[in-house]
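Here is a short tour of a two-chain model, written to be read with the structure open beside you. Take a moment to turn it around on the screen before reading on.

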Amino acid sequence: MTVTLDLARAEFALTVVFHYLLVALTLGLVLLVAITHTRWVRTGNPVYQRMTRFWGLLYVVNYAVGIGAGIAMEFQLSMNWSGLENFASSVVGAPLAVETVVAFFAESTFLALWIFGWRRLPKKAHLAMIWLVVVSAYLSVVWALFANGFMNHPVGYERTGDSLRLVDVGALLTNYNAWIAIAHIVFGALATGGFFMLGVSAILRRRGRADAEFVRRSMRTGAHAACWGSILAVGVGAIQLEAVTKEQPVKFAAFIGAQDELDAFADKLRQQFGQVDMPPSGLVRYAALSMVAIGVLMLVFGIWSLIATRKGRVMSSTVLPRLLVPVLVLPFLANIAGWVFREVGRQPYAVYQLFTTGQALSPSATTAGLAVSLAVFVTLVGTLLVVDWWLLAKLVRRGPDEGVDLWAAGSDERPGDRDENVDVAVLV
Amino acid sequence: MGYATLWLFGFGVLLAGYLVLAGLDYGVAIVAPFVARDDGERRLAFNALGPFFLSNEVWLLVAFGVLFGTAPRLGTSILTGTFGMAVVAVAGALLVNVAVQLRSRVRAPRVRRTWDGLIFAGGVAAAFGWGAVITAVIGGLALGPDGHVTGAGTALTAFSVLGGLSMVALLATHGSMFLAARTPAPVASRARRGAIVLSVAAGLLLATTMVTGRLGDYYAGGIERPTFALVVLLLAVVLLKVALWLLTSRRYWAASATTATAVALMPVLLYAGKYPALITPADAGGVAPTLGQLVGEHTALAMITWTAGPVLVAVIAVQAWSWWAFRGRLDRHSPIYY
């Protein structure tokens, strides 16, 4: 049983980490792409059009793999964790169901129209498509966190027999635990997108792949997102930590390393549920500490970047652009560390103080079945994540000014009348 | 009609929508290596799906996401009761989704050929997996006396394997008909020839599945209305024949719509044959859960209905408009991305 549980845990943890590495960038970048696109429509300045295409391409590539990882997650919930689905569908499954419709359904549909509507749609309608994508992307954070916020801090429910019943929709949708996490995640994602833009612009500049104007404007946009995103994420994070001390004393005990409290809690749990696994307190503690440390670094680099790009300068510092390339990795690490703190720190519960992760496992799950499923999905999603980064690196090295031969070479019926085809598709 | 009934049938509709729309993607993925011979032609095939691809694929997440929220035990029973086949289906769907979007991002021909291989494998896996899952659910799952799934070992039978193969042939036909309608000459004419062979194969496989299920006693007491189910299945076979006739009289979109109807009949078969006992035991000793046990409770269903419901309808309308806007055959002015 415990081997099976650990396999299911490992599978979900790995998929969710891979998924979030993709999602953090998608969320941050899509907003910056929409802002750049808006500037192009407003000013008609062609540099914004090139920026929209280049950053938009990186966004869309990353989004593609993000959906893949999302599929692996959604189905795992029902295949491996049917105990949780059956117990808490009203309060966990229901908000996730709304998320699939108001977020994924709308997001994919409007993104398709953005990609293929470059010349087919009127300019403003085309711009509206990317903003609808932004809205639905952020709605997915909101609805996913209603489910996750409930798992961390249950509200508005009633226990009937072997399942939970939603009695107060308002309480579920105004859960403080959810909203404070939503704010933290949104600003964290914004900073992730900003640092990505800064780091990639630094590479473009060093390799001479883009003109000064392109680099300058991208860096300024990235610096704003990185600076304000970091300040707000760190600020909200501090408030959130206070909520954790009140609502989840065990998580906080792991954070400050209070072993006595953890032992006392383990005894209490053993009496209530029999044998249960305590969270690995070292992992929780160091995840939290590294998140905080990286947050401070992001603050420093965010503010520094904003100062260095002020008054139309490309970058007044010579050291900073070199540092920005490795620094773009930091927000990703902080995002993952934050999730480890939140979710591993919630163990051994699936729904805090109501339902253990062991109870959440599918009763019919077998060790062999889970081993196969883990091998399939972790390999598939892990490989695609690496491919995503390899593709992003390749596209960055190619730069924004290449890659407009829309019809592939070798197709005979498409004579290379490039002028006519240049604007046909949004990206290649 | 209560929320529960609304969403039980809602899932049927969403599942049909998923199979019809993403079925086009899987069908094109399966036939692309045969009807599109070089990289340029492959791009034509995938960009024929172009503006529809993302919105087709997302029906998978929506159909099952809504199911997990509105009828949680129906969802978990289907997926845990057919575990291995469901893994194949989901992994295949995941692969097609990502691989089609990434295949043209790198120019090296070797890399693109690798992606094309993955797209083909994903298309076959997704079609086979979902076909087998649906057939296994029709046949019945391993259930305990409390109506909960006890395992997935019994789901893999000759019946479900044949059901999976039928779905591969059916979606391949569906994809070919679409390519015949939306791509230019060389690809379209090969797709047309392919559709003729494939639709015959699909008809034969569907009939074989039915006969095997009957003779091998694979759906013992699981089908409430066997005659009705039989009529739906025969109707699907007849529709395939009609589609062929429409194809030879060069009415390509009508032919496409006809195969789409045939695909949509598969979930209809499931519901018409089994409702109200959608999950039934394969062996004596198991007990079928009641409808009330399968669905979620009132407040949660009301929340889903009034938040997701209007958005669902609005987005489907936008998708319908985009089909109208991009209905033309691909030409040199068409947008290309995949």
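What radius of gyration would a compact globule of 338 residues have, and what does chain B have? This is a predicted model, and for chain B the rule gives a value near 20 Å; chain B has 20 Å, so the two agree. Chain A can be put to the same kind of test: with 428 residues, a compact globule would come out near 22 Å, and the 23 Å of chain A agrees with that.

**The two chains**

The table sets out some overall values for each chain.

| Chain | Helices and strands | Span of the C-alpha trace along the principal axes | Residues that count as buried |
|---|---|---|---|
| Chain A | 15 helices, four strands | about 75 × 50 × 40 Å | 57% of 428 residues |
| Chain B | eleven helices, two strands | about 60 × 45 × 35 Å | 65% of 338 residues |

If you like to trace a fold from end to end, the elements of chain B run α-α-α-α-α-β-β-α-α-α-α-α-α from the N terminus on. Contacts in both chains often link distant parts of the sequence. Counting contacts between residues at least 6 apart, 81% of those in chain A join residues at least 24 apart, and in chain B the figure is 82%.

**Where the chains meet**

Next, look at the boundary between the chains. Here 67 residues of chain A are in contact with 67 residues of chain B. On the chain A side, α2 (46-80), α3, β2 and α14 (367-398) each supply at least two residues. Of the elements of chain A, α3(A) gives the most to this side, with 23 residues. By type, the chain A side divides into 43 nonpolar, 17 polar and seven charged residues.

A good residue to click on is A:Phe105, which lies in helix α3 of chain A. Is A:Phe105 buried or exposed? A:Phe105 is buried, because 28 other C-beta atoms lie within 10 Å, where 20 or more are needed to count as buried. Leaving aside neighbours within four places in sequence, A:Phe105 is in contact with A:Thr100 and, across the boundary, with B:Val58, B:Val62, B:Leu312 and B:Val315. For a sense of scale, the C-alpha atoms of A:Phe105 and A:Leu328 are 223 residues apart along the chain and separated by 30 Å.

The helix α3(A) turns up again in the largest nonpolar core, which holds 292 residues. With 22 residues, α3(A) makes up the largest share of this core. The members that touch the most others are B:Ala63 and B:Leu179. Not counting residues up to four places away in sequence, B:Ala63 touches B:Phe11, B:Leu14, B:Leu15 and B:Tyr18.

**A kinked helix in chain B**

Two of the partners of A:Phe105 named above, B:Leu312 and B:Val315, are also among the buried residues of α11(B). This helix covers residues 298-325, 28 in number, and reaches 39 Å from its first C-alpha to its last, close to the 40 Å expected at 1.5 Å a residue. Where does α11(B) kink? The kink, of about 40°, lies at B:Ala308, shortly before the proline B:Pro310. B:Ala308 is itself one of the buried residues, which also include B:Thr299, B:Met303, B:Gln319 and B:Ser322. Both chains help to cover these residues: the cover includes α3 (82-116), β2 (163-166) and α5 (169-173) of chain A together with α1 (3-35) and α2 (39-70) of chain B.

**Two neighbouring helices in chain A**

Finally, compare α8(A) and α9(A). In α8(A), residues 249-256, the buried residues are A:Val250, A:Lys251, A:Ala253, A:Ala254 and A:Phe255. Their cover includes α7 (212-247), α9 and α10 (281-308) of chain A. Just after α8(A), A:Gly257 takes a positive phi of about 75°.

How many of the 15 residues of α9(A) are buried? The number is zero, so α9(A) lies largely in the open. Running over residues 259-273, α9(A) reaches 21 Å from its first C-alpha to its last, close to the 21 Å expected. A glycine follows this helix too: A:Gly274 has a positive phi, near 80°.

Notes. Residues are numbered from 1 along each chain as its sequence is written. Chains are lettered from A and ligands numbered from 1 in the order in which they are written. This is a predicted model: local features need pLDDT of at least 70, side-chain atom pairs count only at pLDDT 80 or more; totals for chains, interfaces and linings use all residues. The expected span of a helix is 1.5 Å times one less than its number of residues. The bend at a residue is the angle between axes fitted to the seven residues ending there and the seven starting there. A residue is buried if 20 or more other C-beta atoms lie within 10 Å of its own, exposed if 12 or fewer, and partly exposed in between; C-beta atoms are placed from the backbone. Two residues are in contact if their C-beta atoms, placed from the backbone, lie within 7 Å. Ala, Val, Leu, Ile, Met, Phe, Trp, Tyr, Cys and Pro count as nonpolar, Asp, Glu, Lys and Arg as charged, and the others, Gly among them, as polar. A nonpolar core is a set of buried Ala, Val, Leu, Ile, Met, Phe, Trp, Tyr and Cys residues joined through C-beta atoms within 7 Å. The radius of gyration is taken over C-alpha atoms; the globule rule is 2.2 Å times the number of residues to the power 0.38.
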